[in-house]
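Visitor: Hello! I am new to reading protein structures, and I would like to take a close look at a single part. Could you walk me through it?

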Amino acid sequence: MTNIRSIAIALALLLVPAVAAAIAPPTPLFASEEPVSLTLSGPIPAVSRGERGARDAVLTLRSPAAETHAVRLSPRGLTRLKRDVCQFAPMRVEFVQPPPPGSLFEGQRRLKLVTHCRSAESFQQHVLLEYAAYKLYNQLTPASYRARLANIDYVDENGRPVVSRLGFFIEDIDDVAARNGMGKPSVGQRIATGRLSAADAARVALFQYMIGNLDWSTRAGPPGDRCCHNARLIGASSGPLIPVPYDFDFSGLVSAPYAVPPDIIPVRNVRVRHYGGYCLHNPAVPTVAAQFAARRSHLLGTFSQIPHLDERTRARAAAYIDDFFADIADPRTIERKLLRTCIE
């Protein structure tokens, strides 16, 4: 049986190209894995409470170089913007003037900043696990958001320290598209499943299954918003569209205390995996699963590269991801555990 499985995976891998390199390099901020250190000074209490509106602030980079930028801060998000969920809202950082050539922030206009949500140390681990999810997907395709970890001192308008915590910046979707030589097509609230690249959509679905995430859609957006829910699309308007996922805090990997499964999915908690890919893409799943299997050691090794992730959290996260590989061990388990729950 082992030989048969090995042969099947080897044949499948012949059909799956190696993870392609991006066409263009990332912007300077996302060209390194080294955490940055910076200070955000301004009306931090108001922004962190989720009070709407953009407010003037100052971003002072301390490492890897010293530079200062006028910025506008605003709260963002949906669930994490609720005060009963997070005491410290995620933020959007908008540069008042384009950062000059040579700046670490060269090429940036608006950045999403994932913050710590609550002060407890456990929430720092949740931040690091969500950061790790981005790194896991980077292992599988360049059509993925890059992220940059940051040690951030938050200071109010009067120069008083508010809090110092880890967070991370997320690459802008325009830069993801540019790195991959693609555009960002204009789409409505919902798209046809057939418009998605089958291999790329299957990869997203399998990745979301691997990390235990149920809070996503690659063909529809929230009411009143464009497609898609916790994903964006890149590609040519007339060709197949590639979904790029983000926001993984509701995943079983992160296990945030506020994360619960959607009512329509029959699982008891977010640690229980449930496949949510589309039936139209089922033929692509075994081949994409072979790509995951081939990168097993790289994926599991990701957690050892995340700074400040404590050993208990690291081991639990790696074990959770390792369990996934039993579900893609051969075509029979893929059919039984994944494809039978696909969405029409």
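How many of the residues of strand 8 are buried? And please tell me about the parts around that strand as well.

Guide: Happy to! Keep in mind that this is a predicted model. In strand 8, five of its five residues are buried, so the strand is mostly covered. You can check this on each face: A231, L233 and G235 are buried on one side, and R232 and I234 are buried on the other. Strand 8 is joined to strand 9 by five bridges, and the two strands run antiparallel. To see that pairing for yourself, find L233, which stands opposite P243 in strand 9.

Now step back along the chain. The loop between helix 5 (198-211) and strand 8 (231-235) contains C228. The peptide bond leading from C227 to C228 is cis, with omega near 20 degrees. That deserves a second glance, because most peptide bonds are trans.

On the other side of that loop is helix 5. The helix has 14 residues, and from its first C-alpha to its last it reaches 20 Å, close to the 20 Å expected at 1.5 Å a residue. Because 12 of those 14 residues are buried, helix 5 is largely enclosed by the rest of the structure. Among the buried ones are D200, R203, L206 and Y209. The cover over the buried residues of helix 5 includes strand 9, the partner of strand 8. Helix 3, helix 6, helix 7 (296-301), helix 8 and helix 9 (331-337) also belong to that cover. Just after helix 5 comes G212, with a positive phi of about 75 degrees.

Let us pick out one of these neighbours, helix 8 (residues 311-327). Two packed helices are described by the angle between their axes and the distance between the axes. Here the axes of helix 5 and helix 8 come within 8 Å and cross at roughly 125 degrees. The two helices are therefore oblique to each other. Where do they touch? From helix 5, L206, Y209, M210 and I211 take part, and they meet Y320, I321, F324 and D327 of helix 8. Sorted by class, this contact has seven nonpolar residues, no polar ones and one charged one.

Another part of the cover, helix 3, leads us to a barrel. Seven strands form a closed barrel in the order 1-2-3-4-5-7-6, with mixed pairing. Neighbouring strands in this sheet are turned by 40 degrees against each other on average, direction ignored. Helix 3 packs on the sheet and touches strand 5, strand 6 (147-155) and strand 7 (161-170). Its direction makes about 15 degrees with that of strand 7.

Before helix 3 (121-138), in the loop that follows strand 5 (110-114), you will find C117. Its phi is near 70 degrees, a positive value in a residue other than glycine. C117 is buried, with a relative accessible area of 5%.

One last stop on the barrel: strand 2 and strand 3 pair in the antiparallel sense over seven bridges. One example to look for is L59, whose bridge partner in strand 3 is H69. In the loop between strand 2 (55-63) and strand 3 (67-75) sits P64, and the peptide bond from S63 to P64 is cis, with omega near 15 degrees.

Terms used. Residues are numbered from 1 along each chain as its sequence is written. This is a predicted model: local features need pLDDT of at least 70, side-chain atom pairs count only at pLDDT 80 or more; totals for chains, interfaces and linings use all residues. Side-chain values use heavy atoms; hydrogens and water are left out. Helices (H or I, at least four residues) and strands (E, at least two) are DSSP runs, numbered from the N terminus. Buried means under 20% relative accessible area, exposed over 50%, partly exposed in between (1.4 Å probe, protein chains only). Axes are lines fitted to C-alpha atoms, for helices over the stretch in contact, and angles run from 0 to 180 degrees between N-to-C directions. Angles under 35 degrees count as roughly parallel, over 145 as roughly antiparallel, 65 to 115 as roughly perpendicular and the rest as oblique. Contact means heavy atoms within 4.5 Å. Ala, Val, Leu, Ile, Met, Phe, Trp, Tyr, Cys and Pro count as nonpolar, Asp, Glu, Lys and Arg as charged, and the others, Gly among them, as polar. Two strands pair if DSSP finds at least two bridges between them. The expected span of a helix is 1.5 Å times one less than its number of residues.
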